[in-house]
Amino acid sequence: MTTSNTTEPRPFDRSTVDVAPAPRPRLVHIGLGAFHRAHQLWYTQHSEDDAAHPQWGYASFSGRSADLAHALESQDGLYTLVERGPDSDEYEVISALVEARPAENVSRLWELLAARSTAVLTITVTEAAYNLGEGLAFDPAQSPVAADLEALTAAFVDGAFDLAAVGVPATMAGKVVVGLAERRRQDAGGLAVVSCDNLSANDVAAHNAVQGLAAAVDPSLGAWVEDNVSFVATSIDRITPRSEDSVLEDVARETGYADRVPVVTEPFRSWVLQGEFPAGRPDWEKAGAEFVDDIEPFERRKLWLLNGSHSLMAYAGQLRGHATVADAIGDPVCRAWVDEFWDEASQHLTTPGLDVPGYREALLDRFSNPRIAHHLAQIAMDGSTKLQMRAVPVLKAERAAGRPGTAAARAIAAWIAYLDGRTEVSDARSELVLQANQITGQDRLLALLGLLDAELTHDRDVVAQLGGLIDELR
Ligand code: CS2
């Protein structure tokens with residue numbers, strides 16, 4: 001890449017930048033955003049045997065906003081990944097994205113999912129977008145699921161979908177089910193579905209959402225999905241906050257190119273996977289991914305230690321006037337709460353090889369990186385779903401061990417205190433959250449807690465403890 005400090009930045013696409021030829025799209029992604037670009041695309045690019053002749057390209061579909069897909073399309077899928085360390089930046093052009101498509105382009109999604117050459121579908125749509133019920137059960141009563149089920153059932157004629165009649169399904173699962181039905185119709189064999197969302201048992205979540213809907217539309221389609229599609233469990237990690245606008249200037253200055261949509265991420269990354277890939281996959285382990293037989297301990301380590309303390313800081317930190325993770329972890333009071341939460345969680349992370357002390361130390365460095373502005377308000381979104389995976393299990397494990405679980409309870413108390421008086425909330429279940437939040441007195445606590453876990457509302461000690469912690473936090 002040439003460097004230019006004085007002239008206008010140059011146009012940025014495959015004709016102006018020296019990158020390898022675009023490989024075929026053999027990977028499909030739903031949820032094209034900053035995280036996907038910092039994670040799965042980085043791993044794919046770095047897994048190639050011969051970087052000059054890459055074999056694995058991604059076709060990625062945005063979850064909601066079409067703007068990013070259009071901007072990336074205008075750059076032939078290229079973008080700059082800025083690895084922002086505590087002292088300096090590294091710039092790299094990622095070229096493994098060969099198609100960037102808006103969410104509405106379902107016909108292209110279905111064509112790709114039906115193609116034998118497509119081996120893997122990865123997903124990042126956020127925790128709440130699986131629309132599952134208690135215990136990750138398929139829940140046809142949730143309104144977007146019910147709407148898709150109705151539309152899909154009506155368009156399913158003689159064992160296949162009438163694609164012209166389906167429209168654009170509302171849910172990720174709805175879109176995937178139609179694509180898989182096309183794959184079955186074209187007899188293109190199995191493929192792997194890899195949820196890269198921060199859910200415990202994300203393989204089960206993806207399976208239940210997708211296979212559950214397929215079976216509800218048509219039992220034989222459900223059986224085909226069961227027999228042919230593998231659902232892979234993953235623990236994914238790379239702190240990638242929404243980028244600040246100033247990064248466009250940084251990239252233009254440092255690289256000489258006018259990239260409209262660069263991504264800023266931290267230098268750290270990790271990807272742990274467990275499962276089968278019936279149609280093959282990139283050698284992601286070449287880029288450092290780990291394939292394990294039992295993912296659960298890794299998943300818990302990440303969801304509890306990283307995401308759990310993130311959520312604790314998101315609410316408690318904002319209540320104490322902080323805006324970013326680096327601010328919150330620099331506050332001795334928040335830091336002590338995080339340490340206490342980690343101590344509690346660590347009691348239940350005893351599998352050999354997890355190196356919890358090393359993981360905690362690395363987390364402190366990552367959280368303290370002053371050059372990554374990770375806004376607590378962004379992490380605070382969707383608390384009613386996130387806390388179920390990040391704080392509730394630690395609290396329940398502590399209760400089962402006969403201890404109060406104060407630090408995990410504090411994360412929940414901080415959410416309840418943070419919501420106090422709010423009439424707007426950024427949460428996929430905002431209606432339920434606001435309804436509960438309007439209740440007065442002790443019933444408000446019970447209603448909000450009930451959204452996280454019904455069982456905990458019957459634990460009097462937990463309820464009393466939460467009341468005390470909320471008072472302290474206010
Ligand atoms: C964060 C995660 O916003 C959030 O909920 O906790 O996005 C976190 O930064 C990533 O999981 C890090 O890998």
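Trainee: How many salt bridges does the rule find across the interface of domain 1 and domain 2?

Mentor: Keep in mind that this is a predicted model. Across that interface the rule finds four salt bridges. As an example of a salt bridge in this chain, Asp237 pairs with Arg366, with 2.9 Å between the closest N and O atoms.

Trainee: And which strand gives the largest share of the side of domain 1 that touches domain 2?

Mentor: That is strand β10 (residues 229–237), with three residues. Sorted by class, this side of domain 1 has ten charged, nine nonpolar and eight polar residues. Between the two domains, eleven residue pairs are in polar contact.

Trainee: Where do the domains run along the chain?

Mentor: The domain assignment puts domain 1 at 25–291 and domain 2 at 296–473. The contact draws 27 residues from domain 1 and 24 residues from domain 2. Their C-alpha centres are 28 Å apart.

Trainee: How should I read the area that domain 1 and domain 2 bury between them?

Mentor: Interface size is often quoted as the accessible area lost when the parts come together. Here domain 1 and domain 2 bury about 2,200 Å², and 55% of it is on carbon and sulfur atoms.

Trainee: Now a single residue: is Val120 buried or exposed?

Mentor: Val120 counts as buried because its relative accessibility is 1%, and the cut-off for buried is under 20%. Val120 sits in strand β6 (residues 120–123).

Trainee: What does Val120 touch, beyond residues up to four places away in sequence?

Mentor: Its contacts include Leu27, Val28, Ala192, Phe277 and Trp284. Val120 and Leu191 are 71 residues apart along the chain, with their C-alpha atoms separated by 5.7 Å.

Definitions and conventions
Residues numbered from 1 in each chain as written. Predicted model: local features only at pLDDT ≥ 70, side-chain atom pairs only at ≥ 80, totals over all residues. Heavy atoms only, no water. Domains from an automatic or database assignment. Contact = heavy atoms within 4.5 Å. Buried area = accessible area lost by both parts, 1.4 Å probe. Salt bridge = Lys/Arg side-chain N within 4 Å of Asp/Glu carboxyl O. Polar contact = N/O pair within 3.5 Å; in protein donor to acceptor, adjacent residues only side chain to side chain. Helix = DSSP H or I, 4+ residues; strand = E, 2+ residues; numbered from the N terminus. Nonpolar A, V, L, I, M, F, W, Y, C, P; charged D, E, K, R; others polar. Buried < 20%, exposed > 50% of the residue type's maximum accessible area, 1.4 Å probe, protein only.
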